[in-house]
Amino acid sequence: MKLKKSIVFLLMMALIATTSPLGVFAENQPILNQTASQSMVVQSLDEVSTINENSNIDQEIIVIYKDHQASIGNLSLTTSEIKSGATLSPRVDVIEVNDGIDADSMITELQTNPNVLVAEKNSYLQTTALPDDPDLTTAWQFGRIGTDVTWNQITNSEPIVVAVIDTGLNIQHPDLIGKTVAGYDYVDDTLDIKDIAGHGTKVSGVIAATANNSIGIAGIAGTANVKIAPYRVGGTFEGDTNLSKASICAALYDAASRSDVKVINMSFGWYDASPALETAITNATSAGKVLVSSSGNEGKADNINAGQYSYPASYNGVISVGATTSADTIASYSQYNDQVDLTAPGNAVYTTTSDGSYKAVSGTSFASPVVAGACAVLMAADPSLTSAKVETILKSTAQDFGDAGKDSYYGYGLIKLDDALAALPNTPSITYQTHVQDVGWQGWKTDGELSGTAGQALRLEGIEINVDKKAADLGVKYKTQVENIGWQDYVADGTMSGTYGQSLRLEAIQIELTGADAQLFDVYYQVHAENLGWLGWAKNGDSAGTEGLAYRLEAIRIEIVPKGMKAPGSTATAFVSN
C-alpha cells in the first residue's frame, strides 16, 4: 500500500512539474529542480556566464532581433547549449555556444526563428592603420582640403556629434578634453571610456582636436562645435587591431537611435560580407546618419585582396574613403574598387595619441575621419542638411584626380571643405512624397532621401514634389508613366502625378525645374525598379525607370545641385526599355 502511495505521489509531482510555471515550481520544489536546472531554457543572459575576452570567438553567434520586444527567451535555447553571452543593445545579443555544439547548425536553426532578423558567427574586423612614420610630423592634411581657410568659419552653438566606433578614446588628452559626449565601452561593459590599443584616439584627433588652444594640433572641425561619442568595440592591448563584429553592430544600433549623433565614422573593415553588419548599417542609414568608412589598406598590386570590396565601406549608404599623400597622389596601399566615393589625406597624418602626445600615422583609417569631420562641419554650418545632401555636396565639390570623372582610385576626387562650404547657400531643397502599395502616402522626404521601399515588392502608385521657393525662384514640374495608361500630362508644385486606389504601378518619371532661376540648377533623380534595383541618375526632364517591361517603380531619390556640378552618383542606365 505504501508503495502504491509513493508511486501516486511521484506521478502527481511529475504532473505538477510539467504544468506549473517554472519559477513557481522552482520555489516550491528546490530539491527536484536541481537536476532539471542543469539544462534549463535560458530566459535571460544573466542566467549564464558573461562573455569576455577569453571566450572562443569561433563559437560566438551574433543575434539581431526583429524588434525591441524579442529577446534570448524567444530562442528556446538551453543552458546545455549556451556557455556565455551578453546583451550588447536592446536588439543585439552575442552568445557563446558550448564546445560540443555546432555553431553553424545553430545559426541555421536561429535563422528560422520569427523573432530573429539576422544570426551569424561573430568575428573580428581590422582597424585600417599602417606602421607609423616618425620622420613626418607636420599636419599637412589641413591645407590640402581647404581646412586652413575654413577652420574658424563655423561656430555653431548646438554640437554636432560624430560617433567613432573604434578602440576607445583617451578623453584626458589635452587636445580632446571637453570634445566628447557619452559613448560606451562594449569590451568592459561600462560608460567609462579608455583606449588601450591607441587607434581610436588617433582617429578622434583627426576629427575634433581642439583648435586655437596654443597646443598640439587642430582637428578638421576647427572651431565648429563638433564632439566625439566614442564607442569601444575592441582593442584589449596596445596595438591590438581586432574589433568585435557583434559589438560594432550594437554600437551602430545605439548611435542610430541617438538624435545628437549625425555622423558615424568606421575606420575598420575586412573582405567578408556580413548580413549582420549590413543590417546594422541599413538601420543607421534609414535613421538619417552619415556613415563614413575607410576603403582598406590592401590596394598594393601584390596583395591578394587588391581591388576587392572591403566592408563596411562597400555597403550602400556608406561613404568609402581612400587615402592620398601630401603630393595629392593616391597612397600605394589605398584600396581601390568601384565603391570608393572620395579620397582624403591619409598618409603621414599628424594626430593625437593615447599617451597624451602626437604622432604621424598612415592608413585609410585616418582618411576616413577627415571626411567624417568635413561632414560634421557642413552639418554644423547648416543643421537642415540631410545625409544624402552632405554626401552630394562633398562629391560635387571634390577635386578630380586620376581618370576624368569618378574612378576606382580617387572616387569623385579629393574632398575640398572650403568649396563644399561655399556651395551651401546656393542649393535649394526639394521635397517629395510617394503613395506606396498597401502603405499609402509616406511622409515627406528631402534632398536625396529614399521615398518608397526597396526589397519589399511594393509598387509606387503616386508622387508629389515641391521645391523650396525661399532659396531661389524655382518651381518643379513632373510627369509619370502609369501602368495601362502611359505617360500622363505634366503637373507642378505638389500636385499628385500617378494614381492611388486603382492598384496601378508607376513605371517611369520625368522631372524638370521651372522658374527664373531654373538655369542655375540641375535636378537629378534615381529610381529603384523591379528586377533591376537602383538605376542610374537621370536629370532635367530625362526619363528614369522602364518602358514596355511591366516593371514597377519601388523607390525614388531626388536632389538639386548647382548647374554643372557632378551627379550624386552614376548616370549610366537611368532608363531601360524593350
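**Aromatic pairs and their surroundings**

The count comes to eight aromatic pairs in this predicted model, where rings of Phe, Tyr and Trp (its six-membered ring) are paired if their centres lie within 6.5 Å, and where planes under 30 degrees apart are called stacked, those over 60 edge-to-face and the rest tilted. One of these pairs joins Tyr184 and Tyr186, whose rings meet edge-to-face with 5.0 Å from centre to centre and 65° between the planes. Tyr186 also pairs with Tyr231, and here the arrangement is stacked, with the centres 6.4 Å apart and 15° between the planes. Because Tyr186 lies in the loop between strand S8 (184–185) and helix H7 (199–208), while Tyr231 belongs to strand S9 (residues 226–232), this pair ties together parts that are 45 residues apart in sequence; helices (H or I, at least four residues) and strands (E, at least two) are DSSP runs, numbered from the N terminus. Through such ring pairs, Tyr184, Tyr186 and Tyr231 are linked into a cluster.

Because the model is predicted, local features need pLDDT of at least 70 and side-chain atom pairs count only at pLDDT 80 or more, whereas totals for chains, interfaces and linings use all residues. Residues are numbered from 1 along each chain as its sequence is written, and side-chain values use heavy atoms, with hydrogens and water left out.

Tyr186 is buried, with a relative accessible area of 10%, and Tyr231 is buried as well, at 0%; buried means under 20% relative accessible area, exposed over 50%, and partly exposed in between (1.4 Å probe, protein chains only). Phe237, by contrast, counts as partly exposed, at 48% relative accessibility. Phe237 is found in the loop between S9 and strand S10 (242–244), and, leaving aside its neighbours within four places in sequence, Phe237 is in contact (heavy atoms within 4.5 Å) with Ile196 and Ala197.

Charged side chains can also be looked at beside rings. Lys477 lies over the face of Tyr490, at 4.6 Å from the ring centre, and Arg557 lies over the face of Trp534, at 3.9 Å from the ring centre; a charge sits over a ring if NZ of Lys or CZ of Arg is within 6 Å of the ring centre and within 35 degrees of the ring normal.
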